[in-house]
Amino acid sequence: MEAALKAIAEPRRRAILRLVRDGELTAGAIASHFEVTRPAISQHLSVLKDAGLLSERRDGTKRIYRLRPEGFEDVRAFLEQMWGERLQVLKAEAEAEERRKHGAGSASRRR
Amino acid sequence: MAQVLRPDVGELEVRIQASPETVFEFLTDAEKVTRWKGTAAELDPRPGGIYRISGMGGSTALGEFVSIEPPTRVVFTWGWEGDEDVPPGSSTVEVTLTPDGDETVLRLVHRDLPEGQGIKHEQGWSHYIPRLAAVAAGNDPGPDPWAH
């Protein structure tokens, strides 16, 4: 879990993981989402791969990455246990607060 | 109900039907904080300011704010008062708020946690781990008293 937590500490690496959440992408396609240099992105991809959070395959000269969901099992269990239910409560409370702020007369806000 | 938590990339993601400003208050206002975590909170929401939240699964969370950027980002250190394994300041929680239409996407990352130490204080684990061990050992743990 330690390597995974370290790997996701960097905001750009978390952004990379969100990009490949719904399907695999080439290194070039991933890099095109960022302003930083390609070698910097390669370094992030390497850290994520070493932490077991990404898998890599080659297609000719291209490297293609996809999420490795099993790499997140421990982190996911911890996060859900520690924060999952609490964030559900936060969501409910913040939504109630928002409705109060906008007043009971605002029909468009009602669900 | 739609899934509101997406922990599949190592962070929790919750979509909230409220503005970032409203959600932000729940991270830095003592009265609002206790509506979702703990039972009592004292907090000093500025960089270097200390917070203390008691009544979290029987423990008291203690740490300091590292960064406060209303209404988009809060970073604070995390630990348990009086605990040697996860002492105050030993790990870090980062919460970011991103507006999306009339919703806010909240993302939470908990990092720098000492290996294997994050979960043991949570009463959920002290409840479930013995049950898991019983199942693993081929025993029936009996009906879960926490199940509705």
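Here a trainee and a mentor talk through a predicted model of chains A and B.

Trainee: Let's start with chain A. How many Å separate the centres of domain 1 and domain 2 of chain A?

Mentor: Good place to begin! Domain 1 of chain A covers 2-69, and domain 2 covers 72-103. Taken over C-alpha atoms, the separation of the two domain centres is 28 Å.

Trainee: Now for the sheet in chain B. Which strands stand at its edges?

Mentor: The sheet of chain B is open, with seven strands in antiparallel pairing, ordered 1-7-6-5-4-3-2. From one strand to the next, the twist averages 20°. An edge strand has a single partner, so one of its sides has no neighbour in the sheet; in chain B this holds for strand 1 (12-16) and strand 2 (40-43).

Trainee: And which residue is the bridge partner of B:Leu43 in strand 3 of chain B?

Mentor: Strand 2 of chain B runs antiparallel to strand 3 (residues 50-56) of chain B, and four bridges join them. In strand 3, B:Leu43 has as its bridge partner B:Tyr51.

Trainee: Lovely. Which element of chain B gives the most to the side that touches chain A?

Mentor: The contact draws 32 residues from chain B and 35 residues from chain A. On the chain B side, the elements giving two or more residues are strand 1, helix 1 (20-28), strand 7 and helix 3 (123-136). With five residues, the top contributor is strand 7 of chain B.

Trainee: Which helix of chain A lies across strand 1 and strand 7 of chain B?

Mentor: Look at residues 73-101 of chain A, which run at about 10° to strand 1 of chain B. The element lying across strand 1 and strand 7 (103-111) is helix 5 of chain A.

Note on methods
Residues are numbered from 1 along each chain as its sequence is written. Chains are lettered from A and ligands numbered from 1 in the order in which they are written. This is a predicted model: local features need pLDDT of at least 70, side-chain atom pairs count only at pLDDT 80 or more; totals for chains, interfaces and linings use all residues. Domain bounds come from an automatic or database domain assignment. Two strands pair if DSSP finds at least two bridges between them. Axes are lines fitted to C-alpha atoms, for helices over the stretch in contact, and angles run from 0 to 180 degrees between N-to-C directions. Two residues are in contact if their C-beta atoms, placed from the backbone, lie within 7 Å.
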